[in-house]
Amino acid sequence: MSRLYQGGLCHMKTCLKGLPVSHLPCRVSMVNAMNVQSVLRRCLADSLKSKRTLKFDLEDVYNGKTGKDKSVGKIEKKVTPNIDDEVVNSVKTDILVDSFSEAKEINDNNVKLDQEVLDEKSDNIKLVENDLEKTNDKVKLNQKASDRKTRDIVTHLYTANSKEVFKILTEVLNNPMKKNVAAIIMFSIKRLTYLDEFVLPDDVSSLIAEFFHAKSDSLNKLNDNEFRTLLSFLIKGNKEDSRLTLMILHEACWRMRKSNTKFIMDIYTAVKKYNTTEKRREVLMEAEKKVNENLSFSSPDELLEFMYTFMNISSIQHRIEEELSVMLYWMDPKQTASVLFLLAKHKSKNGKLIYKTKDHLVSRPIALRFHLLAKLFYACDALNIFDEKLLNELSSNAIEHLNANTDVSLADAMSLLISCSRAKWGKIQLVDSLMNVLGNNLTEVLDTSGKSHLAHLARSAGYLNLLQHKDISCKLTESLQSLKTDSPFLWLDIIHSLAYINSADVNEVQSLLQEDFYQPLLESVKGKWQEDIVQRKLLSLYGYLQVDKNVSLPNFDGQADIWRQQLQEKSSRKLVRMSKPVGEVLSDIAPLEKYTRINVVSKYGYNIDFELFVDDLPKAVKLDESDNKHRVWIKVLDFNDFVKGNNDIIQSGNTAMAMRHLNSEKNVHIIYVTYLEWNQSQKKHDQLHLIESKIKTAVETNTKETGVENTLKT
């Protein structure tokens, strides 16, 4: 009420001060005091209607003075002496009440007008909202119809075969929906991948390419996983690039410029296997370029993941190894073991880094899963790491898993045993446990393993001289008969390894020494490094029949002499490994060339490090004066000729067979110098005394086992 009152009062004051006298309907001087109220009331009404101002003085009104020149004043008692106070107060009150009422009425009218305008606008808004609701309803209906159609298509794709998938793609792309086309394409690609179908018909490929060309934003909206799936599918199915494949490869180059290292690694891995075109090689080069630009790692796991992908690239391998040497100290045993495996897998030549990694691994307790233990044994074999402390700890860890039968797969058990056989690590508790696990599941091993792995497994018993497990090797060999024609070189190696432990079938060995087997095999390896290996293995099998099985093969004698002569002509004139220091000491009592021959080939194809002749003293004589003298062979048995890992020294399978055959040679004294006794004799005069004493004992006692038996007993 106060606001309305104040508004009316102000309006009244304005009217009283501003209303022109000329607007009065009659001269006020002619009216009596009782008519002043009505006069003023009419003047005020006229002023409100005309929206003009009223200026007057009550004295002028009373005296009948009018005109613009009259002064303006306030209503006061003194200027109207003939009018009593009640009349003046009544005029004042009536003017205030009437002005307030009229002002309120005007204000109400304005409010009504504003409300009408607002109502009209509100009605318009409601109309627009209704139109929008109708439009949205139509959109929702279309979306529901589209979603329902997409859902029906996807449901069909779940069980569709490849032909049905191609048909669905053709229908969708020829009559494209407003949405979900890219999603249907991706689902179809995943379905085809599941069906192992990687070749798109030309018409379907063209339709997909046309869709992505027309709606490039659909291709851009594919996330990294979807894009990688599409790229892998296309390059796996075709050796040549279609328009669609070229489009995706181009997109891959563009994405790699702004993507993280993980995406680049995924693209590189996908394309690397199928880099049959120039564009694919361009993608690989772009990936390598981006990797080289941003080669930095925040954690060991990130570095390991990177090594799995790019370690085989020589330009990157060096930088990876530099980063690795710095980050190695932050790695736990699991990560360190993975690094060692990757260095072995990619045949690293960085010996300093290899042994630094090995030392870091040994420095802490090792408790690894069986799968990782198998990888570590592989690494030790491939990198020629023989750290007895490390291998013993790994063996103990593996034995615990095998005894508990936890986390042990047949594939890992086979891999671990093969690595042990190659590295000549024959810790008896470990190899027995591995053989038992594989032997108890031999049927599953035969069903799930490839022939190459089975062949390695069959040879393991021979390499490690595991006489107690020869039955397993024999059973494996029976299942690999097809290798005789499919891979004769591998078959020869399997039979040869069984001969190590005196378990090769005589009839099978005789068949290998027939011309119809060895002639094609020798032709296939002629002029290659395998030729010498084939000839030596055939000669040692010849010795197996004659020495171990007492079976003669007279028709083969002439061929054996030819191979032996060929091997002697090609034998090296240099000494290697442990033979080199032994030759340096031996030259003091029997200078090389004049008194001693090196690398002599025996009757059954074995390499003899030194051959010399001595008299009865015994003292070495010149080779051209060797008639009626004692013939002496010195065979050096190095580190790799023995199985390690046990308290007892055990000869490897090939060493055991070689010694059996060499000891059968006539008219020759054989002495063996082992790495153990050689290393025990640190000074040169002790080493010289060792050789002289062995020669003297061999000549005087006419034995062919001097040195070896004593060494084994020690």
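## Helices H7 and H10

H7 and H10 are oblique to each other. Their axes cross at roughly 40 degrees and come within 8 Å; an angle between 35 and 65 degrees falls in the oblique class. In this predicted model, H7 covers residues 202-214 and H10 covers residues 243-256.

On the H7 side, the contact is made by Ser-205, Ile-208, Ala-209, Glu-210, Phe-212 and His-213, and on the H10 side by Arg-243, Leu-244 and Met-247. Sorted by character, the residues of this contact are five nonpolar, two polar and two charged.

## Helices H23 and H25

A second helix pair to look at is H23, residues 470-478, with H25, residues 488-500. The axes of H23 and H25 come within 11 Å, and they cross at roughly 155 degrees. Because angles over 145 degrees count as roughly antiparallel, H23 and H25 are roughly antiparallel to each other. The crossing of this pair is left-handed.

Which residues of H23 meet H25? They are Ser-473, Cys-474 and Thr-477, and their partners in H25 are Trp-491, Ile-494, Ile-495 and Leu-498. The contact of H23 with H25 holds five nonpolar residues and two polar ones, with no charged residue.

## Around H6 and the loop after it

Helix H6 spans residues 181-194, and Val-181 is found in it. Is Val-181 buried or exposed? With a relative accessible area of 3%, Val-181 is buried. The C-alpha atom of Val-181 is separated by 9.9 Å from that of Ile-208, with their positions 27 residues apart along the chain. Ile-208 is also one of the H7 residues in the contact with H10.

The loop between H6 and H7 holds Asp-196. This residue has a positive phi of about 60 degrees although it is not a glycine. Asp-196 counts as exposed, at 57% relative accessibility.

## Backbone points worth a look

Most residues other than glycine have a negative phi, and most peptide bonds are trans. Against that background, Asn-502 is another residue to inspect: its phi is near 60 degrees, a positive value in a residue other than glycine. Asn-502 lies in the loop between H25 and helix H26 (506-512), and it is partly exposed, with a relative accessible area of 32%.

Where is there a cis peptide bond? One joins Leu-617 and Pro-618, with omega about -5 degrees. Pro-618 belongs to the loop between strand S2 (607-614) and strand S3 (620-621).

## Cysteines and strand S6

For the cysteines, the disulfide count comes to zero. Cys-253 counts as buried at 5% relative accessibility, whereas Cys-474 is partly exposed, with a relative accessible area of 25%. Cys-474 is also among the H23 residues that meet H25.

Strand S6 consists of residues 650-651, and Gln-651 is found there. Gln-651 is buried because its relative accessible area is 16%, and the cut-off for buried is under 20%. The C-alpha atoms of Gln-651 and Asp-641 are separated by 6.4 Å, and these residues are 10 residues apart along the chain.

## The chain overall

Stepping back, the secondary structure comes to 34 helices and seven strands. The chain has 714 residues, and buried residues make up 46% of them. Among contacts with a separation of 6 or more, 71% are accounted for by residues 24 or more positions apart.

Note on methods: Residues numbered from 1 in each chain as written. Predicted model: local features only at pLDDT ≥ 70, side-chain atom pairs only at ≥ 80, totals over all residues. Heavy atoms only, no water. Axes fitted to C-alpha atoms, helices over the stretch in contact; angles between N-to-C directions. Helix = DSSP H or I, 4+ residues; strand = E, 2+ residues; numbered from the N terminus. Parallel < 35°, antiparallel > 145°, perpendicular 65-115°, else oblique. Left-handed = near helix turned anticlockwise from the far one by under 90°. Contact = heavy atoms within 4.5 Å. Nonpolar A, V, L, I, M, F, W, Y, C, P; charged D, E, K, R; others polar. Disulfide = S-S within 2.5 Å. Buried < 20%, exposed > 50% of the residue type's maximum accessible area, 1.4 Å probe, protein only.
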